[in-house]
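User: Can you walk me through this one? I'd like to start with how the helices pack.

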Number of protein chains: 2
Amino acid sequence: MTDIKIAQSVTAKHIKEVASGLNISEDQLEYYGSNKAKLPLSLIDEDQLRKNKLILVTAITPTPAGEGKTTTSIGLSDALNLIDKRTVVVLREPSLGPVFGIKGGAAGGGWSQVIPMEDINLHFTGDFHAIEKANNLLAALIDNNIQSKSKNLGIDPRTVIWKRCMDMNDRGLRNIVAALGGKSGGIPRETGFNITAASEIMAILCLSNNFEDLQEKCGNIYVGDTWEGKPVYARDLKAQGAMAVLLKDAIKPNLVQTLEGNPAIIHGGPFANIAQGTNSILATKMGLSLADYVVTEAGFGADLGAEKFMNIKCRQAGLSPKAIVLVATIRALKYHGGKPLAELTDEDTAALEKGLPNLERHIHSLRSFGLPIVVSINAFSSDTDKEKQLLFKHCESLEVPVALSYGWADGGKGCVDLAEKVAMAAESCESIFKPTYALEDSVRTKMEKVCRTIYGAENVILSNLAIRQLKRFESLGYADMPICMAKTQKSLSDDEKRLGRPENFDIHIREFEIAAGAGFIVPIAGNILRMPGLPANPASDNITIDADGNIEGLF
Amino acid sequence: MTDIKIAQSVTAKHIKEVASGLNISEDQLEYYGSNKAKLPLSLIDEDQLRKNKLILVTAITPTPAGEGKTTTSIGLSDALNLIDKRTVVVLREPSLGPVFGIKGGAAGGGWSQVIPMEDINLHFTGDFHAIEKANNLLAALIDNNIQSKSKNLGIDPRTVIWKRCMDMNDRGLRNIVAALGGKSGGIPRETGFNITAASEIMAILCLSNNFEDLQEKCGNIYVGDTWEGKPVYARDLKAQGAMAVLLKDAIKPNLVQTLEGNPAIIHGGPFANIAQGTNSILATKMGLSLADYVVTEAGFGADLGAEKFMNIKCRQAGLSPKAIVLVATIRALKYHGGKPLAELTDEDTAALEKGLPNLERHIHSLRSFGLPIVVSINAFSSDTDKEKQLLFKHCESLEVPVALSYGWADGGKGCVDLAEKVAMAAESCESIFKPTYALEDSVRTKMEKVCRTIYGAENVILSNLAIRQLKRFESLGYADMPICMAKTQKSLSDDEKRLGRPENFDIHIREFEIAAGAGFIVPIAGNILRMPGLPANPASDNITIDADGNIEGLF
């Protein structure tokens, strides 16, 4: 059965029933149909949330198909509910762009999904659209100001770093020349689009504490310089109020349910390779205000997802997970051991053994945070007993608890062993996470600490462009901000071809972007792009709708 | 009181109560909050709807502030309900772009508004966003196909006529060069963005009868030619299914309410100057299935709104209004008589008299449809008795019923006289509208008939580019389609400076666009642009949000 068929085979509870299980009354819900609702920010209880337990799910360096982080998060959450821990799973929203690229959604899989999965994967409650509009209103105001005779701030069009965004895999928009067409079209300039999840507005939404904070952060966005070299901020264009108004509903977390009828909160953006990549602080805090356990995820791999989750999000929100679940698959470990993608279902303990250092490196890196780790093997029917034994023995030798999880095949009851190990780890954890770097460290030191401690790299090499940009950002007073690396998710290094546990490598910073409103610096490593393209056979090829509005071929 | 303060001073009914007044049960509603809902297409009853009465509200050539068509439509609908005619007002959705341009919403005004007006004017239920995504998915698939080695259709990038779209007044996107950045960025080509309301997808949504029709129309979109000169359609890119899936909720009409708690259906796009400009066929048919009267609107002026409403929408849907309400203001007539905008509140019967030929011309043009006409004077407190008498006398001499309407100041009870005159006209109407042209007429004849019969023009002059494009469209078999003129709304001519009733003028067709999926040809007259810009003082300057999420400065 496909994911969508499984999802549609389950009768969903009315969302008010799901809410009522969290003691949320009907009049606090803003419905989007009968299975989705927005939740008011007033549900966040700063005292209560610090008493409850946050579990972070992350992964080893994934194969292109992913390790099943979301599936594991949902299965684990359902399992924790089965063993009487009141749990909410809190996830990031899927991006629409990739849905039409390589087939597949981002709402879990098999019997561990959140529903209605087709809505969640498409427009959902419109949050991405609102982010896009706020982002692009600022862009329109910039070009309008450059064009205007009477209200001109003197922006040098060559310096504008603010890009437009669109939630679409559209390589044609990556680099454009805009404002052509003569006098009425504006002053032509080079610019481009990022995918919406990589927009600074997404990060602002995910890192804001309330409406005022949101508005202020929007105002702090650095858009470019005047001809005299003075920085220009969104507030100089009086853009922040209208931007915040466009985000007034998007800032509210969304309630849905798992296939087992347990509550799920889904809010904020994906893609830790090119963005901060995890759900919003408000969503995580809301989950922690409403339940004893919150299971949340940050990927792709721990090098990107967990690092940013700790050093950016948890540091700013004053949160600390009680345990980290590291998801791995036997298939991916064989892939890291050199086995071709097409042969991963064949037993191959030699390849598995050769791939184990990737897992090892992630465990090593995660231990730097000083929190308990549980390895979760996302089971596939092709996994053999020999392979499983080898992997278990290896985890034992590393002194890390390990569980097989069957969320895809069996939902919550397939993840009870994992849930018990996670609960045991979390309940005995008394530490607070140790950040990888201090905010007072220089930007270069921050990058070095992340690249060495988390990726296992030797040095950080900056391009001439990057050196120039960094000097500028430091002179503007941004040196104390955390960093949000943009790097391929396919390798611990910045070269996607280096699988396993690369050694003796440097990280090459091609350029920087600054997110002065969200409050971080973005070093861009290697060849990573912040606007993806479509593949030769886009998934859209096979999608149709029938006379009754039923979707075929999606997921 | 501002419009938003008035709107917020009223306690809205729960939308299920509004629905229940139309015999729609709760389980047929898809809620978007407690005051908005999507309605299922199954509510359309093809037999029932033909028994009920459609009233079209249109206007004279408007001032920049508009004539109050929407306000009059809402007031008239509330008034018809007061005189015991079960009535639904069916409106087009506002576009987000202009909200941040020149201050003002498009959800009525004063005591004749639809609510929640701030939501309706912002993201509403996400229909525009979905249209944007469907439009831009096709664009991404085109550039992806041009870039692809293995699946290349051989599209000549110089011939691609499909543009991207965005619901934003952003002149910088009007003309761009896309796909720059070297080999990975695609094949560079000239292109641009239209505002979303002007997208062919909006027209397809407004003219579709059901999901299958929607999908088929999307497939028929003509995107450009191969290097060999063969036409390429969206279906060649297998885009239509995914596009229709993106529109699966957007195709459903939206139910809201007037300030007086009467039902309002709002669906589909605005801007009859650059698009077909009226609400969807599905929304109009749904309204007619649910109530005895449907009041709907088409503007800006009757030259654009009413003409397209009849010749495109009613012809395709097999509908015919029972009466046409022509909205005018004394201010606008003085403006057409040469009075400057800043002095329109001063009494000036001479200017009014000089401006009357604009009204006269619209009455004359509308009479060509063979339906009863009622003139509605949208009253302002600055109107003087002398002015009103002059106007009434003039309407009498033209043998057209006229009513003063006070929807802005008094809501429904301010429009009872209008409602009575409209009901009388509608109940005695036994004619079916007479189209301006036959579909079998040549494209040139169609344009001539519209320009002469409706605008009062002499000739239609085509540029060399337009001649070439027309030949191409005719050779592709599109000659039998209706035409959808793009022309300034500020004048009956194509020159926005020619107010009043211009005479001895030609219409200059600069170029054509083709909407092969929606099924019409777009002649573009004069200097009209399909992507607007922002003014020097954008309305966004004054918008803020407070700690509780309340909006200030919007509308």
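Analyst: Sure. Keep in mind that this is a predicted model. Take helix 6 (residues 127-147) and helix 7 (residues 200-207) of chain B: their axes come within 9 Å and cross at roughly 120°.

User: What do you call the way helix 6 and helix 7 of chain B lie to each other?

Analyst: Oblique. Angles of 65 to 115 degrees would count as roughly perpendicular and over 145 as roughly antiparallel, so helix 6 and helix 7 of chain B are oblique to each other. Their crossing is right-handed.

User: Which residues make the contact?

Analyst: Helix 6 of chain B brings B:Phe128, B:Ile131, B:Ala134 and B:Asn135. Helix 7 of chain B brings B:Ile201, B:Met202 and B:Leu205. By class, that contact has 6 nonpolar residues, 1 polar and no charged ones.

User: New topic. How much area do chain B and chain A bury between them?

Analyst: About 6000 Å², with 64% of it on carbon and sulfur atoms. Chain B gives 71 residues to the contact, and chain A gives 71.

User: Which three residues of chain B supply more of its buried area than any other three?

Analyst: B:Lys133, B:Arg171 and B:Ile545, with 11% of the area that chain B buries against chain A.

User: Where is B:Arg171, and is it buried or exposed?

Analyst: B:Arg171 sits in the loop between strand 7 (164-166) and strand 8 (176-178) of chain B. B:Arg171 has a relative accessible area of 13%, so it is buried.

User: What does B:Arg171 touch, leaving aside its neighbours within four places in sequence?

Analyst: Residues of chain A, including A:Asn144, A:Gln147 and A:Ser184. In chain B, B:Arg171 contacts B:Pro532, B:Gly533 and B:Leu534. The C-alpha atoms of B:Arg171 and B:Met531 are 6.4 Å apart, though 360 residues separate them along the chain.

Methods:
Residues numbered from 1 in each chain as written. Chains lettered and ligands numbered in written order. Predicted model: local features only at pLDDT ≥ 70, side-chain atom pairs only at ≥ 80, totals over all residues. Heavy atoms only, no water. Axes fitted to C-alpha atoms, helices over the stretch in contact; angles between N-to-C directions. Helix = DSSP H or I, 4+ residues; strand = E, 2+ residues; numbered from the N terminus. Parallel < 35°, antiparallel > 145°, perpendicular 65-115°, else oblique. Left-handed = near helix turned anticlockwise from the far one by under 90°. Contact = heavy atoms within 4.5 Å. Nonpolar A, V, L, I, M, F, W, Y, C, P; charged D, E, K, R; others polar. Buried < 20%, exposed > 50% of the residue type's maximum accessible area, 1.4 Å probe, protein only. Buried area = accessible area lost by both parts, 1.4 Å probe.
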